Amino acid sequence: MRRFILLLPLLFLVVFFFYPLGNILRLSLTADALGELLIRPSFRRVIWFTVWQAALSTGLTLLLGLPAAYLFARYEFRGKTVLRAITTIPFVMPTVVVAAAFRALLGANGSLNRLMVSSFNLPSPPIQLEQTLTIILLAHVFYNVTVVVRLVGGFWGNLNPRLVEAAQTLGASPRRAFLEITLPLIRPSLISAALLIYLFTFTSFGVVLILGGPSFSTIETEIYRQYITFLRPDVAGALSLLQIVFTFGLMSLYARWQRQTAVSLDFRPQESGLRQAKTTGQKLMLGSMVLGLLLFLLTPLLALVWQSLVDREGQLTLAYYQALPTLRRDSVVFIPPLVALRNSLGYALLTVLVAGIFGLLTATLLAQPQRSGQAFRWRSWLDPVFMLPLGASAVTLGFGYVVTFRWLRTSPLLVLIAHVLVAFPFVVRTLLPVLQGIKPNLREAAAVLGASPTRVWREVDLPIVGRALLVASVFAFTVSMGEFGATSFIVRPNSGYLTIPIAIERFLGQPGALNFGQALAMSTILMLVTAVGFTAIERFRYADIGEF
């Protein structure tokens, strides 16, 4: 009975992950859709654009992120901890919030255009970046720069600085020491970061859909348009199959690279390699890099807040927030925006409960001590199986649900299931390292004193894993609040179960100052909820243990 309870998450995965993916495979192979992808030039352009925009986004992110990684790896300065937290905030923001922030900053009626028009008396906004590749790339860099800072900067900071010092003592210039000593050493973390960023930008949905408009389409957005707009589930299925092959291929490449490049290096505590900026040149470089990072990361978010508080004439107003509880006759949604926020909060709380239970059961199962024998060999492959939802895009998951569970199509239960499946791997990876770190002799001592396995878990494991469970709950809450890809397929336009990210996207897609203002007001609320959640994660994280 106990083993059956522990295997409930695997049953959940089979029914709500593998079964929908199998349906997508069946749908794409029973039609002539795969041939249509190869024949029609428009589909080839979509696939090619997805590939090269992800490569360009990755390159630009590395270009901006490497100096920031060097800054955190080698210098100690006032406010460093705060700045590191700020670099992480964009990554945890929902995609609709990032898209709304860039519209608020760089749109035709954005803060920057308003400032330039009023300052220089211009007849029209000089910055025209809406529905261009430039604004998509900027949002992708904004979203992913923390991957470089965290992965490359953390690895770089632990390298022994004496290797570079020895090279410079032998006459190497700083440039040559970097190219011949530092770069080969950080290359594994650099390539790992590049692969992750490429995966994130390859599967980008909300940013391309909202900022790119109809002019730009990736595989993700084309799946959505083929099913929702053109009513072609066969073509959407073929594109989803292609997406699955790409994403799982990239994840396999990432995992293989991680294994092959795992070598022993001479690591040192980060503090041993840090130095203060002493010369004028170093201080200028440090100040310009810190200022540049702050401007790039905070300006869109501050513009979002500001634009939600001013009207078209630039006067302070709370009208957009005051309009959230009401349903206008010409509204683009069928419920008041505040009800969409309430729906999102309800989904998030239920996601915390369900994903927390399934995640705790899974982590407990995977953390059990290894024993010899056939019965325990399955654990070596069960761990990566539970992580497979991380490799499947939310758009593909949502499409699989609507073609598989038609009898649940109008039920809010399907939205909850999608949110749980998206949040579930985050919960497992947060809890598992803590459970694996519990010393076996604690459990053994309790068992010797007569405690049953259930009581051992309740009185030994649970108190230790309590803080990690709190962090996992906050992860599940914030992931659910910002989930957009799967929900955009499942929730119907006239549904009363609309979530706040869907409402934001629909308001942003409609003309009118009130629609735009309400979208920014909702985005600001969602941004604050996410930021508070991230702060709680950093506050309660157990000794910095966890994989996220």
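**Aromatic pairs, cores and T487**

User: How many aromatic pairs does the structure hold?

Analyst: This is a predicted model, and the structure holds 25 aromatic pairs.

User: Take F91 and F200. How far apart are the ring centres, and what kind of pair is it?

Analyst: The ring centres of F91 and F200 are 5.7 Å apart. Their planes sit at 55°, so the pair counts as tilted.

User: Which helices do they come from?

Analyst: F91 is in helix α5 (residues 80–92) and F200 is in helix α10 (residues 174–202). The two are 109 residues apart, so this pair links distant parts of the chain.

User: And F91, buried or exposed?

Analyst: Neither; F91 is partly exposed, at a relative accessible area of 30%. F200 is also partly exposed, with 31% relative accessibility.

User: What about Y227 and F399, what sort of pair do they form?

Analyst: Y227 and F399 form an edge-to-face pair, with 5.4 Å from centre to centre and 75° between the planes. This pair too links distant parts of the chain: Y227 lies in helix α12 (residues 219–228), F399 in helix α19 (residues 394–404), and 172 residues separate them.

User: Are those two buried or exposed?

Analyst: Both Y227 and F399 are buried.

User: What else does F399 contact?

Analyst: Not counting neighbours within four places in sequence, the contacts of F399 include I24, L27, I223, P233, A236 and F489. Y227 is one of the contacts as well.

User: Switching to the cores. How many residues are in the largest nonpolar one?

Analyst: The largest nonpolar core has 149 residues, and F399 and Y401 have the most contacts inside it. Helix α20 (residues 412–436) gives the largest share of this core, 16 residues. There is also a second, separate core of 15 residues, with V152, F155, L190 and A194 among them.

User: Y401 again. Which aromatic cluster is it in?

Analyst: Y401 forms one aromatic cluster with F12, F16, Y19, F358 and F405.

User: New topic: T487. Where is it?

Analyst: T487 is in helix α23 (residues 485–490).

User: Why does it count as buried?

Analyst: T487 has 1% relative accessibility, and the cut-off for buried is under 20%.

User: Which side chain does the T487 side chain make a polar contact with?

Analyst: The side chain of T487 makes a polar contact with the side chain of H419, at 3.0 Å. Leaving out residues up to four places away in sequence, T487 touches V415, H419, T499 and I502.

Key: Residues numbered from 1 in each chain as written. Predicted model: local features only at pLDDT ≥ 70, side-chain atom pairs only at ≥ 80, totals over all residues. Heavy atoms only, no water. Helix = DSSP H or I, 4+ residues; strand = E, 2+ residues; numbered from the N terminus. Buried < 20%, exposed > 50% of the residue type's maximum accessible area, 1.4 Å probe, protein only. Polar contact = N/O pair within 3.5 Å; in protein donor to acceptor, adjacent residues only side chain to side chain. Contact = heavy atoms within 4.5 Å. Core = buried A, V, L, I, M, F, W, Y, C linked by side-chain atoms within 4.5 Å. Phe/Tyr/Trp six-rings, centres within 6.5 Å; stacked < 30°, edge-to-face > 60°.
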